[in-house]
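Here is a friendly briefing to read alongside your own look at the structure. Have the sequence and the 3D view at hand as you go.

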Amino acid sequence: MARRKTGRFDNPALPEEAYLSAEASCRRLGIKRASLYSYVGRHGIRTTKVGRNRYYHRSDIERIAVRSAARRGHGPVAAGALQWGEPVLDSALSTIAEGRLYYRGRDVVAWWRTGARFEDVVRHLWEATEVSFVPVAALRRRRRRPSAGGTTPVDHMVRRLLEVAESDPHAQAPASAATERARAARLIASLATTLGKATGSHGRATSLSSRVAARLGRADASALVEAVLVLCADHELNVSTFAVRVAASAGADLYGAVGAGLFTFGGTQHGTSSLRANQFVTSACRRGVSRAVRERVRRGDPLPGFGHALYPAGDPRVPPLLETARGFDGVGVQAAKRLREVDRVIDEVARVTGLEPNLDLGLVAVCRAAGWDGDIGSALFALGRGAGWVAHVFEQRRSPTLLRPRARYVGPPLSDGAGVVPAQ
């Protein structure tokens with residue numbers, strides 16, 4: 001057990017990489033023991049009790065420590081801002097406040113529960129009166145569609161974006177806001193055509209979610225697609241959106257800026273994380289959920305699909321996704337079994353660590369309910385987030401600022417070639 005006098009961590013039941021003792025937590029935060037308990041409630045610090053001692057999630061302690069440091073000076077502000085820290089860029093598009101996600105001031109989960117559709121969200125984010133998702137009908141030069149082997153739906157989206165950009169001779173020419181919105185809507189609709197196969201059963205008047213569900217072979221699953229698109233449309237300055245803002249600030253056209261987001265999205269620590277979450281659920285259920293979870297915790301390995309630095313009390317986007325998946329009438333016997341596996345892992349992780357599922361696991365549940373491959377969740381995520389990327393392009397263009405942060409140099413001593421240059 002942890003030694004109360006020294007704060008030394010020697011509890012073999014918990015990984016030191018993931019938890020801190022009370023004493024260590026107080027030292028990191030620079031507070032007294034009596035203040036720690038108020039911090040737990042005020043800042044949503046998760047705790048785990050083993051025996052008579054209580055341990056604190058290291059990620060939560062670090063989050064609070066970075067924000068506290070950020071308020072003490074410019075240097076810490078810059079460093080902390082790149083690590084889930086203080087806001088550094090003005091935006092009217094989305095924000096996270098008290099565990100809720102808002103699009104231009106509207107609680108997105110509450111909005112979704114009243115029947116908001118993706119088209120409603122897009123009009124709201126783009127400040128448009130109407131949006132028509134009609135894909136580019138013909139490309140200047142069609143490339144042969146790559147084989148499915150070794151590629152993901154997100155890879156197909158990247159290729160499609162490049163094709164659409166190549167077919168647009170006026171991409172870099174000055175254009176009105178209405179023209180750019182129409183261009184963006186065509187781009188998103190064209191990205192949607194990379195999912196599944198054309199069915200010919202849906203005309204232009206149908207929603208994008210209905211067309212996507214039909215292409216994926218589940219016309220009855222449009223509610224599942226709609227939930228993902230609505231809940232994933234924007235999320236402050238996540239890494240892909242920040243890439244979009246940087247590209248837009250440099251004067252990139254719509255395709256270049258959205259492409260920056262899409263390429264970043266494909267990273268293993270962002271848009272494709274749901275694949276690891278799906279693999280974790282499958283592996284845990286095969287080996288025994290309790291054993292698999294405890295072994296990962298004991299080794300200090302992350303639990304894919306669980307925990308979020310901005311949502312200590314739980315990702316608000318997950319309950320709607322789980323509800324939609326569990327309530328889907330088209331769940332087959334095998335799909336229902338795979339969906340129950342998600343619930344088993346959620347229950348065990350909560351019991352052992354107190355961690356709540358994040359968006360990645362919500363995407364896993366949606367795909368399992370519809371019988372889709374796990375990578376479809378990433379593609380739906382990217383499709384919905386495309387609306388947010390476009391909105392950030394439009395917003396960034398209204399700012400004269402070039403997003404060019406400075407680096408804090410920590411390399412070898414500076415030299416003029418003949419000797420060391422003294423520090424200034």
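The notes below go from the whole chain to one helix and then to a cavity.

Please keep in mind that this is a predicted model. The protein chain holds 18 helices and six strands, and 49% of its 424 residues are buried.

**The chain as a whole**
- Of the contacts between residues at least 6 apart in sequence, 69% link residues at least 24 apart.
- About 21,000 Å² of the protein chain is exposed, and 52% of that area comes from carbon and sulfur atoms.

**Helix α7**
- Helix α7 covers residues 153-166, which makes 14 residues.
- From first C-alpha to last, α7 reaches 20 Å, close to the 20 Å expected at 1.5 Å a residue.
- Its buried residues are Pro153, Val154, His156, Met157, Val158, Arg160, Leu161, Glu163 and Val164.
- The cover over these buried residues of α7 includes α8 (177-192), α12 (254-265) and α18 (375-397).

**The cavity**
- Rolling a probe the size of a water molecule over the atoms reveals where empty space is left.
- In this model, the count is one cavity of 30 Å³ or more.
- The largest cavity holds about 40 Å³ of space.
- Which residues line the largest cavity? They are Arg46, Gly307, His308, Tyr311, Pro312, Gly314, Asp315, Leu355, Glu356, Pro357 and Asn358.
- Sorted by class, this lining has four nonpolar, four polar and three charged residues.

Methods: Residues are numbered from 1 along each chain as its sequence is written. This is a predicted model: local features need pLDDT of at least 70, side-chain atom pairs count only at pLDDT 80 or more; totals for chains, interfaces and linings use all residues. Side-chain values use heavy atoms; hydrogens and water are left out. Helices (H or I, at least four residues) and strands (E, at least two) are DSSP runs, numbered from the N terminus. Buried means under 20% relative accessible area, exposed over 50%, partly exposed in between (1.4 Å probe, protein chains only). Contact means heavy atoms within 4.5 Å. Accessible areas come from the Shrake-Rupley method with a 1.4 Å probe; for residues, only the protein chains shown count as cover. On a 1 Å grid over the protein atoms alone, a cavity is a set of points where a 1.4 Å probe fits but cannot get out, and a pocket is an open set with protein on both sides within 12 Å along at least five of seven lines; lining residues have an atom within 4 Å of a point. Grid points are joined across faces, edges and corners, and a volume is the space filled by probe spheres set on the points. Ala, Val, Leu, Ile, Met, Phe, Trp, Tyr, Cys and Pro count as nonpolar, Asp, Glu, Lys and Arg as charged, and the others, Gly among them, as polar. The expected span of a helix is 1.5 Å times one less than its number of residues.
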